[in-house]
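Biologist: I would like a close look at a single part of this model, the sheets of one chain, and after that a shorter account of what surrounds them. Please set out the terms as you go.

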Amino acid sequence: MVKKGIALIIALLVVFLVFGCSKADKKDSEQLVLDESEGPVDIVFWYAISGSKGEVFKGLVDKFNSSQDRIQVEGIFSGKYAETAQKVTAALASKTLPNGGIIPAGPIFTGQYGNYKVLDYMEKDADFDMSDFYDGIWDYGKYDGKICVIPYNISTPVMYYNKDLFKESGLDPDSPPATWDELLETAKAITKDVDGDGVMDIWGYNVKDTKWIFKAFLMQNGNEIIDISTKTPLFTEKSGIETAEFWKKMIDQKAMPAGLHNIAEDMFLGGQLGILMASSSRIASWMGKTEFELAAAFLPKGKHFAVPIGGAVQALFPSGDENEDIATYMFMKWLSEPENLAELSVNTGYIPPRKAVLEEQSVKNFLEDSPMFKVAFEQLKYASSYWHFNEMGTMDSLIWEALEKIEIEGFEADAAMEWLSNELKTEIEANE
Amino acid sequence: MKTKNKLTYVILILSLGALVYPFIWMMLTAFKPDSDLYVYPPLFLPRTWHFENFTRVFELIPFARYYMNNAFVTAIGVVCQVGISILAAYPLARLRFPLKNAIFTFVLLTMLMPFVVTMIPTFMIVAEFRWVDTYKGIIIPLLFNGFSIIFLRQFFLAIPKDLEDSAKLDGCSYLRILINVIIPNTKEGISTITLFAFLTWWRQYLWPLIVINSTKIRTLPIGLKYLLSDGGKEYNILMAASVMAIIPVIIVYMILEKQFIKSITFTGIKG
Amino acid sequence: MVMIDRLRTYKKEEVFFSYICVLPIIILAVTFVIVPLISVFWLGFTNWDMVTDGGNFIGLKNYKYLIGNEKFQKSIINTLFFAGVKIPLDLVLSLFIATLLDKKIRGRSFFRATFFLPVVIPMVAASIVWLWLYNPMITPLNQLLSFFHIKPSRWLYDPNLSMLCIIFFSLWKGLGYNIVIFLAGLQSIPDTYIEAARIDGASPNKIFFKITLPLLSPITYFVLLMGIIKSFNVFTQISVMTPEGGPLYSTGVSVFYIYQQAFQNYNMGRASAAAVILFFMILAFTLVQKYIGQKNIHYQ
């Protein structure tokens, strides 16, 4: 009996020591050990990246598979962002999720359902340097204030401009507008009615990815869009109304055409638009292919520089098998290594989410050769994001509607922001 | 009569341009290099003919594999769908049995709910059957097609009763009547619905995307979607692949079109 | 008594054969269509989050929300407008062209193939071309207008015109479908009927309205029925050509609204409730059409 009792105490002590130790020393990477007794672990990983950019990602998966023999990743293209959202939704409902994936709005599909597993792993893993990622980037991967995904292929809005049109309008093509006022004046100088039929044929300024750009302007004016902890919209604050007023001024003073955002890209490529604000992901497609001399610059500053973050994230879906989850995490960690992120960035133009990537020689060379990417990459230091929340999609479509009210229906800025704020509040309340 | 025919030609030829134009545009785009795509207004003719777009398709996706998968799914899907639709349409059109109207209404009701919402519950059922990522999972849930059942029923309804009656007098069974009388007399209807079924199956996109995971059984439309980068405008490769993808559709159309004409000349119904 | 009498008139063999024939579609429909359809009815009363089984019952909250929602109301009006303009135009135009193509003319199969071409062209390719045609900054349409000194229009980007632009595109894209159906119908009309009328000295117009049209009525009924169902379910071209639902939501139709609720706002319960409302709307229209149809369809 006594012997048994002692054995039990010793056993308990050992258990306590082992776990106690690992608790005291959280950064013990030994905990994330892959069980290889049953051969290599197979995992399934979806990705919403297509075309030549998708090829780059596929190449990374192959590289990972051939670099080691413990984990085999099957990469599966899951459609574009919108379709991936449908595929993930269906898989979530029927519990047929893959091990992980590069998906849009990742936190909605993970954190919302209490899945913060990737954060657990990152905290346990001494090798994973979370501090190397930009703070704004981590916010983009949060739900309810807690990290639940690893941001991956990031883009931010960039100001593209047509140097030829600048010259024709007597503007200096090497000094693009750097403030809101300059933006207004520059754009006004470019807008022209060439054939005199009362309809403008060349416009100074237009935006694509409109909702996103409007958020950029809000942020530049010191507006935080939404108080995420209480889910209170902040559009009606003075900074929000000022932003909307500036937007209205751009329309009223013929710097920007009303309601033509969906053709902004066509206008720009056709040489009918001086300045276009759009995602940095376009740089790779346009560079060296336009008929005019193309250049890119930071978004002009309001009270300060600011841009919102966009793009997809790496999500981990717990499979019920700890070993598979660890393997998935190891693959995600591998994707996040500076060297591999550098390969993605250099070949696609996506902005790396962590600082160490910029130290990679390949990236340095790349930025030297293509100054337009330099703009996008450097701008990341001003990038920030709010945490993901359920009504995010609703908020975006409401922003679009509010801008239409200003542009097409002639709403005053404060009335439009009032409307936007009230609608969003109603939506949030309806879901509670 | 003569002037009337002339008017017919004028109307037909005028509509022609509008109808063919996008098709030609698509063909020409398939031959444009990237740089020709960023010119506005778009170029009609490529500045240099760029045949590499076609080979690029094969580099980007396992085109032949997807093509075969698509052909397989389409063949099975079309044959089964048209087969069970003919079977169902016959009694619904020409036989008497209890609950006939109820069943017809039921078929109609199934068509009223948009797929966007039934998709997720349907997928949950398929997952319950463990059919995710299988050919079964792609094909079977889509075999029931209210459109083709109602379509065939309408055609079966239009057959003159005396044809059927004489067969009945000869002592034919119902199955015999279906095979010997109904089907031969509605060839136009059946080839039309086959054409429609072919089109639908060949281009099936959203459902296969949701159900299929592995490259092994992936179908062509999903592959086509992969060819265009997110937000990109490099349509040339997509168009090259689309041109290759619609060739079978045109061939099937031409075969079935011949079928129309053959049946007409054989029976001597129409000049 | 009447019921029993009616039952007695059924032939056992006929009934048995009929049930065997419809069995496959019944099994398939129940499993893959009816069960999901019923679950959509249920989900309409919940705020299902896609993970919890069945979701939480919230009564009529979704319906109350929808009825009071401006955007939803707009989507219903847009859907009715689309159906109301497109269906009659589609019917008349396709029947007209089908009768032209049914004539003995040179190059008939060439013309038929051409009219079918837009149906074959992938939606992406078609909409890219039409987006260009509708581009107010460069469109050849506007150049044409300026030739007649008409002020250029904003087409797809004008809230008053956008839906008409979509309707015109849809007509162009889908006309070939109905033409093929009508052609098949026209060709299954036995020539003897028309020949007999011609010998009696009836004019071509009279033959068309008194013989062809009545004989074609089951097909016309079908085209109309499908026209209703398809119009109320229109989605793809809307989402491709006007990704935000058009200026001032002027092209945001019901299914587009449902899609936004389900996959952009992740609100499956509300999307389901909207789908149920749409379901009953289409049902009402098909019933009205069936009622009218029963009076006017002639079977041989």
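Modeller: What follows begins with the sheets of one chain and then turns to the contacts and the other chains.

This is a predicted model, in which local features need pLDDT of at least 70 and side-chain atom pairs count only at pLDDT 80 or more, while totals for chains, interfaces and linings use all residues. Residues are numbered from 1 along each chain as its sequence is written, and chains are lettered from A and ligands numbered from 1 in the order in which they are written.

Chain A has 18 helices and 15 strands, where helices (H or I, at least four residues) and strands (E, at least two) are DSSP runs numbered from the N terminus. The C-alpha trace of chain A spans about 105 × 50 × 35 Å along its principal axes. Of the 432 residues in chain A, 52% are buried; a residue is buried if 20 or more other C-beta atoms lie within 10 Å of its own, exposed if 12 or fewer, and partly exposed in between, with C-beta atoms placed from the backbone. Among the contacts in chain A with a separation of 6 or more, 74% are between residues 24 or more positions apart, a contact being two residues whose C-beta atoms, placed from the backbone, lie within 7 Å.

One sheet of chain A is open and has five strands in the order E2-E1-E3-E14-E6, with mixed pairing; two strands pair if DSSP finds at least two bridges between them. Its edge strands are E2(A), residues 71–77, and E6(A), residues 150–155, each of which pairs on one side only. Direction ignored, neighbouring strands of this sheet are turned by 15° against each other on average, where axes are lines fitted to C-alpha atoms, for helices over the stretch in contact, and angles run from 0 to 180 degrees between N-to-C directions.

At the E6(A) edge, E6(A) pairs with E14(A), residues 310–316, in the antiparallel sense over four bridges, and the bridge partner of Pro151(A) in E14(A) is Val313(A). Helix H13(A), residues 322–335, packs on the sheet, where this helix touches E1, E2, E3, E6 and E14 of chain A, and the direction of H13(A) makes about 55° with that of E1(A).

At the other edge, E1(A) and E2(A) pair in the parallel sense over seven bridges, with Val41(A) opposite Ile71(A) in E2(A). The chain crosses from E1(A) through helix H2(A), residues 51–67, to E2(A) in a right-handed β-α-β crossover; right-handed means that, with the strands pointing away from the viewer, the path from the first strand over the helix to the second runs clockwise. In a regular strand the side chains alternate between the two faces of the sheet. Along E2(A), Ile71(A), Val73(A), Gly75(A) and Phe77(A) point to one face and are buried, while Gln72(A), Glu74(A) and Ile76(A) point to the other face and are not buried.

Another open sheet of chain A has four strands in the order E8-E11-E7-E12, again with mixed pairing. E8(A), residues 203–207, and E12(A), residues 294–297, stand at its edges with a single partner strand each, so one side of each is left without a neighbour in the sheet. Neighbouring strands here are turned by 20° against each other on average, direction ignored. E7(A), residues 157–162, runs antiparallel to E12(A), and four bridges join the two; within this pair, Tyr161(A) stands opposite Ala295(A). Helix H9(A), residues 210–220, packs on this sheet and touches E7, E8 and E11 of chain A, its direction making about 100° with that of E7(A).

Beyond the sheets, chain A touches chain C, with 27 residues from chain A and 19 residues from chain C in the contact. On the chain A side, H3(A), H11(A) and H17(A) each supply at least two residues, and H3(A) gives the largest share, six residues. By class, this side has 13 nonpolar, ten polar and four charged residues; Ala, Val, Leu, Ile, Met, Phe, Trp, Tyr, Cys and Pro count as nonpolar, Asp, Glu, Lys and Arg as charged, and the others, Gly among them, as polar.

Chain C itself has 13 helices and zero strands. Its C-alpha trace spans about 75 × 70 × 30 Å along the principal axes, and 44% of the 300 residues of chain C count as buried.
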